[in-house]
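Visitor: I'd like a quick tour of this chain, please. Could you show it to me?

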Amino acid sequence: MNTKSFFRFLASTVLGLLGFSSCGWLGIGVCMYGEPHADFKAIGKVTDGAGKPVEGIQVAVRQHRHYENTSSVIYDQNDWFESDTVFTDSSGSYELTKSVFDAPNDVTVFFEDIDGEENGGEFEKAEANPEVKRTKKGDKNWYGGAFETRADVVLKKK
């Protein structure tokens, strides 16, 4: 084995161990390394019973996980929805934008007044199960497209 062949062998071995390779020799085209992902946006508005916007309401979105052969809905405790929270602005609007691992198809939006009497009084908790709509097609590879959901809610005072 000459020096040039040795270095080619060494480089291909090291790169192969690191996960770099080619599938062309298998006849299946180029192998891709990556992670499936999709864009997700949850938007909406929170008002009180008189139609006035409510500022400072905590909004959290949780994706449901459905498993085959079961009818139960299971919340994934490690899902990004568990840790990301947004708050309504002075117009009562909120927007949560995130890149997610899997295209969401079933979500629950939770609304909670955590500031007490500030911003219009104390309000009861609420939740909504809005429809998730696809807004952009994926690329048939790793990108699953874009999805959006809208949940407007009227909160009742305690």
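What follows is a short run of questions and answers about this chain.

Visitor: Before we dig in, what kind of model is this?
Guide: Residues are numbered from 1 along each chain as its sequence is written, and side-chain values use heavy atoms, with hydrogens and water left out. Local features need pLDDT of at least 70, side-chain atom pairs count only at pLDDT 80 or more, and totals for chains, interfaces and linings use all residues, since this is a predicted model.

Visitor: In what order do the elements of the chain run?
Guide: Helices (H or I, at least four residues) and strands (E, at least two) are DSSP runs, numbered from the N terminus. On that basis the chain has 1 helix and 10 strands. From the N terminus on, the order is α-β-β-β-β-β-β-β-β-β-β.

Visitor: What share of the contacts with a separation of 6 or more comes from residues 24 or more positions apart?
Guide: A contact here means heavy atoms within 4.5 Å. Among contacts in the chain with a separation of 6 or more, the share from residues 24 or more positions apart is 65%.

Visitor: Is T47 buried or exposed?
Guide: T47 sits in strand β1, residues 37-48. Leaving out residues up to four places away in sequence, T47 touches K52, P53, V54, V153, V154 and L155. The cut-offs are under 20% relative accessible area for buried, over 50% for exposed, and partly exposed in between (1.4 Å probe, protein chains only). At a relative accessible area of 14%, T47 is buried.

Visitor: Which element gives the largest share of the largest nonpolar core?
Guide: A nonpolar core is a set of buried Ala, Val, Leu, Ile, Met, Phe, Trp, Tyr and Cys residues joined through side-chain atoms within 4.5 Å. This one has 23 residues, and F40, V46, V61, Y94, V109, F111 and L155 touch the most other members. Two or more residues come from each of β1, β2 (57-66), β5 (93-100), β6 (107-113), β7 (126-128) and β10 (153-155). The largest share, 4 residues, comes from β1.

Visitor: Which residue in β7 stands opposite F111?
Guide: Strands pair if DSSP finds at least two bridges between them; β6 and β7 have 3 bridges and run antiparallel. β6 is mostly covered, with 5 of its 7 residues buried. F111 touches residues including V46, Y94, A128 and L155. Opposite F111 in β7 stands A126.

Visitor: How far apart are the C-alpha atoms of Q58 and I114?
Guide: Q58 lies in strand β2. Its contacts, not counting residues up to four places away in sequence, include T85, F87, F110 and I114. Q58 and I114 are 56 residues apart along the chain, yet their C-alpha atoms are separated by 6.8 Å.

Visitor: Which residues form a nonpolar patch on the surface?
Guide: Patches are made of residues with over 30% relative accessible area and no salt bridge (a side-chain nitrogen of Lys or Arg within 4 Å of a carboxyl oxygen of Asp or Glu). Like charges are joined within 9 Å, nonpolar side chains (Val, Leu, Ile, Met, Phe, Trp, Tyr) within 5 Å. L10 lies in helix α1, residues 3-17, and counts as partly exposed at 38% relative accessibility. With about 410 Å² of accessible area together (Shrake-Rupley, 1.4 Å probe, only the protein chains shown counting as cover), the patch residues are F6, F7, F9 and L10.

Visitor: What is phi of K140 near?
Guide: K140 lies in the loop between β8 (132-136) and β9 (143-150), and counts as exposed at 83% relative accessibility. Phi is positive here in a residue other than glycine, near 65 degrees.
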